[in-house]
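Q: Could you take me through one part of this model closely? I would like to look at the sheet of the first chain and what surrounds it.

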Amino acid sequence: MMEPVAIVGAYHTDVTDAASRKLEDLIFEATDGALRDAGLQIADIDTVVLSTADQLHGRVIEAMVTAGAAGAVGRDLTSVPSAGEHALVYGWMRLLAGQGRRVLVVCWGKPSESRDPHHPELVSAEPFMMRPFGLNETIATALQASAYTKRYGIDPQAVERVRQDRADAASRYFDMTISPTIGATEDVGWPLTRADLPRSCDMAIAAVLASGEPAKAAEAPAWISGMGWATDKYDLGTRDLSQFPALHVAANKAGVGTPDVVEILEISTVGGFAALEALGLAESGLGARLAGGGPVINPSGGNLPMHPGNAAGFLRMVMAAQQLRGRAGGAQVSPVPRSAIGATVSGFAGQSATVARFTTREEGVR
Amino acid sequence: MRQVGIIGVGQTDFVTRRTDVTYPELVREGVDLALADAGLSIDDPEAYVIPLAPDALIGVSNGERWVVDTIGAQGKPLVRINTGGASGGTAVQAGYMHVASGLFDVVIVAGADRVSESESAQSVLNKMWDVGYERLFPLNTITMLALSAQLYHAKYGATEEDMARVTVKNRGHAALNPHAHLRAELSVEDVMATRMLSWPLKLGDLCPSSTGAAAIVLASEDYVNRTGARAAWIRGVGQNSETFWMGDRVGPRAEGDHADADALQVAIHRAYQQAGITNPREQVQVAELYAPFSSVELHAIEAAGFCGKGESFRRIAEGEFALGSDGPVVNPSGGVICSNPIAVTGLVRVLEAALQVTGRAEARQVDGANVALATAIGGDHQFHAATVVSNHLEEIVS
């Protein structure tokens with residue numbers, strides 16, 4: 001009998017001085033913050049799950065130097081580097097399997113460690129066809145946006161509205177001024193400009209998951225009521241880039257329903273429209289019209305203004321949960337929502353996807 | 001808890017280099033072998049777990065995304081595991097969680113490595129260490145474990161000949177294993193005559209850089225009962241992590257002792273506890289212990305509880321732990337010292353353990369093998385995984 005799992009503590013570091021701080025310090029602060037938020041100590045944790053990004057951060061087996069800062073010495077540790085959000089998936093799965101009662105999940109992104117983040121992205125491309133072609137995240141994202149635009153067309157005003165909404169929300173949440181127009185005249189790959197793409201930041205994020213009595217006894221648990229993850233094909237030429245089929249599969253598995261809040265990873269302004277459609281929140285080609293009466297989308301600003309690399313998807317999950325826990329700070333939706341969706345994609349043009357459904361009431365496991 | 005069985009295994013021959021296949025095609029070879037062994041088709045796995053250690057060894061970052069089309073994983077759940085050399089062992093445990101959680105009935109754990117793709121594996125592995133000090137030292141896995149061997153020798157009085165006897169035993173086993181990379185039998189004199197790399201480790205004490213693939217298919221007890229599949233059951237899993245800093249493994253304020261394998265011992269104990277093993281020397285008949293160097297096997301045998309600390313080399317000299325001896329047999333496949341395709345090395349340990357308890361290990365079969373232990377080690381002897389398998393779901397007795 002599977003016992004439901006909840007997020008009972010969470011924390012992320014500040015972005016303002018992160019680039020000048022050591023990675024281990026950021027990780028330790030996030031770990032300590034999540035434990036404090038959960039009212040726990042590291043001795044209470046059975047398992048630590050990380051998601052590492054060796055190439056981006058210039059460390060082979062990055063879990064080695066970071067495990068201590070994440071409290072993993074003397075503990076069961078696993079790194080799930082396929083995506084930051086997969087660390088959440090695996091922590092959740094371990095608790096469903098009855099392996100312990102509390103799992104600490106820690107992810108981070110420190111793109112500033114890399115002189116040029118696009119260079120390691122190039123190494124993500126297989127060496128025979130894609131790498132000589134120069135494929136990186138930006139080009140793959142532009143190919144996705146161009147396929148969507150060709151199929152459905154794009155309203156420039158809708159794109160500008162997304163830029164503005166995300167910048168305004170992030171300005172409130174991070175308590176800083178974020179301009180929506182930086183890079184708006186810099187073309188990066190049709191139809192996208194620099195302003196349509198995520199802006200990198202450095203951040204460490206941690207969450208404490210619990211099951212059974214420790215979850216029920218927690219203050220403001222955000223129950224994980226559904227989870228789905230899936231992968232699409234790797235070869236871009238064999239995919240319909242105007243859609244995110246993996247995200248659609250993951251959404252169906254998790255059960256999106258009618259959430260109050262959605263924290264969704266947008267690979268670009270245009271990609272965000274396709275992602276909302278894949279979640280089933282808008283008809284195909286109509287993602288840009290999603291406004292009013294529906295769920296609140298990215299009240300924290302999402303990843304377009306603040307994108308901590310490999311951890312960006314995990315941050316969406318945590319922010320969705322924090323809404324239900326009433327701990328979303330300047331992004332808090334009022335009244336406190338009862339259900340939220342965290343939705344992410346990763347890999348070239350959203351090859352992989354994960355969707356989590358959070359609820360304030362325990363609803364079992366889907 | 002839901003019981004989980006290993007219903008199919010597959011491994012290629014391990015060699016120095018393969019130029020006839022890409023990395024995804026190599027992974028597919030392991031997948032095909034394991035699915036055929038389980039009597040399944042490419043469409044049958046419900047989820048995928050891919051062990052892949054340092055990306056730089058195959059020269060492609062996030063190579064798990066590249067294999068999706070080739071192994072038929074599109075539209076399905078897939079995650080990658082990386083705990084360095086322990087990745088294969090950790091990935092098996094991740095696969096176990098997929099099934100034990102009740103979320104899936106049939107899951108495949110599949111991977112490959114092509115260590116020869118990197119010009120120098122040790123140059124890649126040097127990047128494991130911190131940028132400011134240890135990387136410049138220059139530490140690599142050979143120099144790091146030479147320090148451990150020196151401490152073990154000083155603490156317990158072992159010699160280079162004692163290490164050589166580990167290689168001799170395992171090469172003798174590998175000669176019986178058609179998949180092993182290094183299969184030529186050696187004498188103690190042969191090992192002693194090999195080139196010194198970092199005292200006291202010589203070339204004959206070390207594993208090769210291997211290329212190859214491996215996969216296992218995991219299934220729920222319900223599935224096994226429903227289909228009548230042959231299964232080796234995963235009875236216990238355990239992991240543990242040690243401090244990254246080797247300076248914290250020596251001296252009066254040490255958190256561990258770099259001579260020993262105390263953190264591995266904890267991981268094994270956790271697996272034993274779940275499996276109900278209290279007297280491993282009597283209850284475990286075979287062990288596939290992750291030991292890339294001869295010196296590592298000495299303290300790994302002790303961590304497994306097969307003898308006391310500082311005793312293993314004397315017992316090996318008396319013929320224990322070898323095929324045909326009384327008591328647990330260690331590394332009947334030849335072990336890591338004879339084949340080390342890093343990403344799947346820990347997976348192969350579990351795979352060989354499953355073959356042993358189901359009586360399918362052919363010439364390397366241990367008589368009466370009902371319970372087996374498989375371990376894996378990653379990082380700078382930092383991440384430890386232990387898995388206990390058996391051929392039954394009854395209480396494990398002596």
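A: Here is a walk through the sheet of chain A, followed by a helix pair and the contact with chain B.

A word on conventions comes first. Residues are numbered from 1 along each chain as its sequence is written, while chains are lettered from A and ligands numbered from 1 in the order in which they are written. This is a predicted model, in which local features need pLDDT of at least 70, side-chain atom pairs count only at pLDDT 80 or more, and totals for chains, interfaces and linings use all residues.

Chain A has 12 helices and 12 strands; helices (H or I, at least four residues) and strands (E, at least two) are DSSP runs, numbered from the N terminus. Its radius of gyration is 19 Å, close to the 21 Å that the globule rule gives for 366 residues, so chain A is as compact as a globular protein of that length. That radius is taken over C-alpha atoms, and the rule is 2.2 Å times the number of residues to the power 0.38. Buried residues make up 64% of the 366 residues in chain A, where buried requires 20 or more other C-beta atoms within 10 Å of the residue's own, C-beta atoms being placed from the backbone; exposed means 12 or fewer, and partly exposed lies in between.

Now to the sheet. In chain A, 10 strands form an open sheet with mixed pairing, in the order β3-β2-β4-β7-β1-β8-β12-β11-β9-β10. At its edges stand β3 (76-79) and β10 of chain A, each with a single partner strand, so one side of each is left without a neighbour in the sheet. Two strands pair if DSSP finds at least two bridges between them.

Strand β9 (residues 261-264) of chain A deserves a closer look. β9(A) pairs with β10 (residues 296-297) of chain A in the parallel sense over two bridges, with Val296(A) as the bridge partner of Val261(A). β9(A) also pairs in the parallel sense with β11 (residues 339-346) of chain A, over four bridges, and here Val262(A) has Ile341(A) as its bridge partner. In a regular strand the side chains alternate between the two faces of the sheet. In β9(A), Val261(A) and Glu263(A) point one way, Val262(A) and Ile264(A) the other, and all are buried.

Elsewhere in the sheet, β2 (residues 47-51) and β4 (residues 102-109) of chain A pair in the parallel sense over five bridges, and Thr47(A) stands opposite Val103(A) in β4(A). Helix α1 (residues 23-38) of chain A lies across β1 (5-12), β4 and β7 (203-211) of chain A, at about 35 degrees to β7(A).

For the helix pair, the axes of α4 (residues 84-96) and α12 (residues 312-324) of chain A come within 5 Å and cross at roughly 55 degrees. That makes α4(A) oblique to α12(A): angles under 35 degrees count as roughly parallel, over 145 as roughly antiparallel, 65 to 115 as roughly perpendicular and the rest as oblique. Axes are lines fitted to C-alpha atoms, for helices over the stretch in contact, and angles run from 0 to 180 degrees between N-to-C directions. Gly84(A), Glu85(A), Ala87(A) and Leu88(A) in α4(A) meet Ala312(A), Gly313(A), Phe314(A) and Met317(A) in α12(A).

Finally, 48 residues of chain A are in contact with 49 residues of chain B; contact means that C-beta atoms, placed from the backbone, lie within 7 Å. On the side of chain B that touches chain A, α4(B) gives the most, with five residues.

Definitions and conventions: Contact = placed C-beta atoms within 7 Å.
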